[in-house]
Amino acid sequence: MSEPTRHTARARGGSRRADPTSTGPRLDQPLAKQSRWMPQARMDPESFGAFAERFARFMGTARFLVWMTLFVLVWIAWNTVLPAEARFDPYAFIFLTLMLSLQASYAAPLILLAQNRQDDRDKVQMEQDRTRDERTQADTEFLTREVAALRLAMRDIATRDFVRSELRDLLEELRAQDAGDDPTPERQQHGDGGAGTRHDR
């Protein structure tokens, strides 16, 4: 191999190594089959799905039914009342039947595509609702444990009513003790005085 060829190969190899994110063909992935005669049509699935949803939503309205009925009536009247030279679809209306069949054949896949997109959105919404419910349940359990802990802590704290009742009971006990201790000396004095008087008599 000559020197220019080596330098060229090194330059090519260096450029490939320097740009690993190049969009060219990669050796670790198989080549996709490409048609040489038919160009690949690249369509945005999101935009096409949005168009399918708008079309399916429009077909499910009363406006579509009214416009479709008017179109069919005008078609039939045109090809029935007008002279034979002006009729482009005579009786049996084969062309009208073909158009309606084509419309139905295209409308069914579009409606199915719209339903699939709606199902995907429903799945995502259900997953979000499930996550939100789990978070709410966890928060509720946490709050329940906190309330239970507060109740247990409040049991050890003396409330105002409890202190008042204890003070009231203590005051009643003191009054009862005072009332029970005072009459005893008086009774003893009265007893001694009576005995003395009796002795003197």
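1. A quick yardstick before anything else: the expected span of a helix is 1.5 Å times one less than its number of residues. Put to α3, with its 20 residues, that rule gives 28 Å, and the end C-alpha atoms are 28 Å apart, so the two agree. Bear in mind throughout that this is a predicted model.

2. On the overall fold: the chain has six helices and zero strands, so the pattern along the sequence reads simply α-α-α-α-α-α. Of the 201 residues, 8% count as buried. The accessible surface comes to about 18400 Å², and carbon and sulfur atoms account for 59% of that. Looking at contacts between residues at least 6 apart in sequence, 55% join residues at least 24 apart.

3. Back to α3, which runs over 62-81. Phe64, Met68, Trp75 and Asn79 are its buried residues. Seen down the helix axis they fall within an arc of 30°, so they line one face. That fits the general rule: an α-helix has 3.6 residues a turn, so residues three or four places apart point the same way. The buried set packs against α2 (45-59) and α4, while Ala62, Arg63, Leu73, Val74 and Val81 are exposed on the other side of α3.

4. There's a nonpolar surface patch worth a look, about 820 Å², made by Phe71, Trp78, Phe88, Phe95, Leu98, Met99, Leu102 and Tyr106. Both α3 and α4 (94-155) supply at least two of its residues, with the largest share, five residues, coming from α4. Trp78 sits in α3 and is partly exposed, at 41% relative accessible area.

5. Four salt bridges turn up in total. Which one would I check by eye? Glu53 with Arg117, whose closest N and O atoms are 3.0 Å apart. Glu53 belongs to α2 and Arg117 to α4, so the pair ties together parts 64 residues apart in sequence. Buried means under 20% relative accessible area, so Glu53 qualifies at 11% and so does Arg117 at 16%. Arg121 joins these two in a network of salt bridges.

6. Two further bridges stay within α4. Glu127 meets Arg130 at 2.7 Å, N to O, and these residues are three apart, about one turn of the helix. Arg132 and Asp129 meet at 2.8 Å, and they too are three residues apart in α4. As for cover, Glu127 is partly exposed at 44%, as are Arg130 at 38%, Arg132 at 41% and Asp129 at 28%.

Notes: Residues numbered from 1 in each chain as written. Predicted model: local features only at pLDDT ≥ 70, side-chain atom pairs only at ≥ 80, totals over all residues. Heavy atoms only, no water. Patch = residues over 30% accessible without salt bridge, like charges linked within 9 Å, V, L, I, M, F, W, Y side chains within 5 Å. Areas by Shrake-Rupley, 256 points an atom, 1.4 Å probe, with all protein chains shown as cover. Salt bridge = Lys/Arg side-chain N within 4 Å of Asp/Glu carboxyl O. Helix = DSSP H or I, 4+ residues; strand = E, 2+ residues; numbered from the N terminus. Buried < 20%, exposed > 50% of the residue type's maximum accessible area, 1.4 Å probe, protein only. Contact = heavy atoms within 4.5 Å. Arc of directions from axis to C-beta.
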